[in-house]
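Colleague: Could we go through this model together?
Modeller: Certainly; here it is.

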Amino acid sequence: MEPETFPEELADALVGVQRLVRRRLRREMPDPRLRGAEVELLRLAVTRPGIGISDAAKDLGLAANSVSTLVNQLVRTGYLIRETDPADRRAARLLPTAAAGTRLREWRRRRAELVRRHVSRLDEADREALHAAIPALRKLAGTLHEEAEES
């Protein structure tokens with residue numbers, strides 16, 4: 001491993017795996033088809049029910065108007081409920097529907113099965129290397145998240 005190329009190679013590998021997993025899952029999931037940002041917003045609403053649009057935008061690293069557009073789409077598909085915040089009538093709170101929870105559980109199940117199937121095709125040394133890399137990848141994600149919150 002050459003230190004100068006490692007960051008680019010790592011980023012390319014991570015993006016490549018994520019893109020392929022999303023493409024495969026998108027083909028297999030029932031309609032309506034959801035884009036990556038819509039899934040991320042749903043995941044956020046499930047983990048933080050009642051989150052506001054501006055907080056969701058901050059967490060996702062998106063503009064508030066982009067999140068509003070995603071919210072409108074997810075409300076139309078029946079995955080989100082937008083309700084007025086009783087503490088601030090100008091703000092909205094986002095609540096996932098039961099259908100959203102079901103959809104995300106199915107997506108996670110299918111994602112785990114897809115990755116499990118392909119990891120099982122690797123030899124033992126590669127499986128161990130991937131397993132050993134998980135804590136470092138989580139730390140990397142944490143530092144990226146912290147930097148995003150600072151800006």
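The conversation below covers the surface patch, a helix and the sheet.

Modeller: This is a predicted model, where local features need pLDDT of at least 70, side-chain atom pairs count only at pLDDT 80 or more, and totals for chains, interfaces and linings use all residues. Residues are numbered from 1 along each chain as its sequence is written, and side-chain values use heavy atoms, with hydrogens and water left out.

Colleague: Which residues make the nonpolar surface patch?
Modeller: Leu14, Leu137, Leu140 and Leu144 make a patch of about 310 Å². Patch residues have over 30% relative accessible area and no salt bridge, with nonpolar side chains joined within 5 Å and like charges within 9 Å. A salt bridge is a Lys or Arg side-chain nitrogen within 4 Å of a carboxyl oxygen of Asp or Glu. Areas come from the Shrake-Rupley method with a 1.4 Å probe, and for residues only the protein chains shown count as cover.

Colleague: Which helix gives the largest share?
Modeller: Helix H6 (residues 124–150) does, with three residues. Helices are DSSP runs of H or I of at least four residues, strands E runs of at least two, numbered from the N terminus.

Colleague: And why does Leu14 count as partly exposed?
Modeller: Leu14, in helix H1 (residues 6–28), counts as partly exposed because its relative accessibility is 39%; buried means under 20%, exposed over 50%, and partly exposed in between (1.4 Å probe, protein chains only).

Colleague: Turning to H2, which residues are buried there?
Modeller: Gly36, Glu38, Val39, Leu41, Leu42, Leu44 and Ala45 are buried.

Colleague: In what order do the sheet strands lie?
Modeller: The order is S1-S3-S2, in an open sheet with antiparallel pairing; strands pair if DSSP finds at least two bridges between them. The edge strands, S1 (51–52) and S2 (80–85), each pair on one side only.
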